[in-house]
Amino acid sequence: MLRCLILLIFVCGSAYATVLEPVTLQLKWVHQFQFAGYYVAKQKGFYREAGLDVNIMPAQMHQPDEQFKVLTGQAQFGVTHSGLLEQRMSGKPLVALAAVFQSSPYCWMVHADSNIYSPKDFQGKRISHLGRSEGAELVLILERAGIDVSQLPIYSGMSPLQDFKMGKFDALQVYISNEPFKMAQQGIATRQICPKHYGINVYADILFTSEDVYTYRPELVAKFRSASLRGWRYALANLDEALQITKLYAKQKSYEELANEADKLLPFIKAPGIPVGNMSLARWQWIAQLYHLDLVSFHEHKSAFLYSDSSKTEINWSWMLILAIVLSILCVPMYISLVLQRKSYSLQD
């Protein structure tokens, strides 16, 4: 009888565990080490343990639209830049869940033999075109050095890397783990001027969702966020394995490229004494001030913009209760049937 009960519980639990909720994560770029923690969470089964079947979608290289995909319900979660705050304050119902990068990996790349050593040296230099939504911190370090960016000549050609290599302009906006490596592979020496080096540590690669998902599916948000950050913690503690897992997704990149990405990005992800994914209200307010956003509007939006896990315990208990009820509904009738069947056998004996 005991063996029957154990088997019954195992069957019920297994049947429940196979029912996974489909979820889509929209990345802000193509597959690379930048998103390693999410790949690890999927491959190591962290999402599955949370009851989720996660589809990790890369962005279209020339048309990244992660915020649109989440707002329209094509994805439940996305990864985006710190411009998310300005988008929220402009009326888009977006919610920041975690900041995987504590500093922005966007930098200016210049030739190693250039006379540009700091932001103040950009005066009169020709720079690549960039907007203020993504990479706004690159404009900011120039403005804080007294450079009138509107007066700088702008390059807007179709082959920026090739034209930079040929010296057609002076400074290119880059992601520190990508373009500098490509230049080095071609024998072109460069150096980078990064916002982090000048005290502008804005959040980057922010995990986010829509206000609808956050409001009406808090348990889904809590599970996905927790499993994702677990994936990042594992990736940072097991870099070799994380690189191997990332290679399953980033098939277009060599292992050497991915290892370089990991080496360059780790200082932007890790910060002394700060847990992976941590965000603070004070830091977001500082970012709002850096970007010259209206602080009155910031305080109006802050509670709805930032993730809060105040209901985490309540969600966990609620989920356990639901699980208990489901198991009872499924298993009790089967148990009663087994007992009656056993009694029937006894009477026949």
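**From one exposed histidine to the core of the chain**

Let me begin with one residue, His292, which counts as exposed with a relative accessibility of 64%, a value that lies above the cut-off of 50% for that word. Please keep in mind throughout that what we are looking at is a predicted model. His292 sits in the loop that runs between helix 13 and helix 14, the latter being residues 295–305, and the phi of His292 is positive, about 60 degrees, although His292 is not a glycine. That deserves a remark, because most residues other than glycine have a negative phi.

Where else does a positive phi turn up in a residue that is not a glycine? Asp205 is one such case, with a phi of about 50 degrees, and this aspartate belongs to strand 10, residues 204–210. With a relative accessible area of 2%, Asp205 is buried, whereas His292 is exposed.

Now let me step back to the chain as a whole. The protein chain holds 15 helices and ten strands, and of its 349 residues, 47% are buried. The area that the chain exposes comes to about 17600 Å², and 57% of that area is supplied by carbon and sulfur atoms. If we take the contacts between residues at least 6 apart in sequence, then 81% of them join residues at least 24 apart.

Some single pairs let us look at the way distance in sequence and distance in space go together. His81, in the loop between strand 3 (77–80) and helix 5 (84–89), is 127 residues away from Phe208 in sequence, yet their C-alpha atoms are 9.8 Å apart. Is His81 buried or exposed? Its relative accessible area is 10%, which means that His81 is buried, since the cut-off for that word is under 20%.

A second pair is Pro218 and Ser308, which are 90 residues apart in sequence and 10.0 Å apart from C-alpha to C-alpha. Pro218 lies in helix 10 and, at 31% relative accessibility, counts as partly exposed.

A third pair is Lys69 and Leu27, with their positions 42 residues apart in sequence and 9.9 Å between their C-alpha atoms. Lys69 belongs to helix 4, residues 66–71, and this lysine is buried, at a relative accessible area of 16%. Which residues does Lys69 touch, once those up to four places away in sequence are set aside? They are Gln26, Gln74 and Ala75.

Let us turn to the interior. The largest nonpolar core has 101 residues, and those touching the most other members are Leu25, Tyr38, Phe77, Trp108, Phe224 and Trp284. Helix 10, residues 218–237, gives this core its largest share, which is nine residues. Phe224 makes a good place to stand and look around, for, apart from neighbours within four places in sequence, this phenylalanine is in contact with Val23, Leu25, Tyr47, Leu52, Val54, Phe77 and Leu207. Two of those partners, Leu25 and Phe77, are themselves in the group that touches the most other core members.

Why can we call helix 6 largely enclosed by the rest of the structure? This helix spans residues 136–144, and seven of its nine residues are buried, so the description follows from that count. The buried ones are Ala136, Glu137, Leu138, Val139, Leu140, Ile141 and Leu142, and you will notice that a glutamate is included in that list. These buried residues pack against strand 5 (106–111), strand 8 (172–175), strand 9 (190–193) and helix 13 (281–290). After helix 6 comes Gly146, with a positive phi near 90 degrees.

My last stop is empty space inside the protein. How many cavities of 30 Å³ or more are there? The count comes to one, and the space in the largest cavity is about 40 Å³. The residues that line the largest cavity are Ser177, Asn178, Phe181, Lys182, Lys253, Glu257 and Glu261. At least two of the lining residues come from helix 8 (179–185), and at least two from helix 12 (255–269). By character, the lining divides into four charged residues, two polar ones and one nonpolar one.

Conventions
Residues are numbered from 1 along each chain as its sequence is written. This is a predicted model: local features need pLDDT of at least 70, side-chain atom pairs count only at pLDDT 80 or more; totals for chains, interfaces and linings use all residues. Side-chain values use heavy atoms; hydrogens and water are left out. Helices (H or I, at least four residues) and strands (E, at least two) are DSSP runs, numbered from the N terminus. Buried means under 20% relative accessible area, exposed over 50%, partly exposed in between (1.4 Å probe, protein chains only). Contact means heavy atoms within 4.5 Å. Accessible areas come from the Shrake-Rupley method with a 1.4 Å probe; for residues, only the protein chains shown count as cover. A nonpolar core is a set of buried Ala, Val, Leu, Ile, Met, Phe, Trp, Tyr and Cys residues joined through side-chain atoms within 4.5 Å. On a 1 Å grid over the protein atoms alone, a cavity is a set of points where a 1.4 Å probe fits but cannot get out, and a pocket is an open set with protein on both sides within 12 Å along at least five of seven lines; lining residues have an atom within 4 Å of a point. Grid points are joined across faces, edges and corners, and a volume is the space filled by probe spheres set on the points. Ala, Val, Leu, Ile, Met, Phe, Trp, Tyr, Cys and Pro count as nonpolar, Asp, Glu, Lys and Arg as charged, and the others, Gly among them, as polar.
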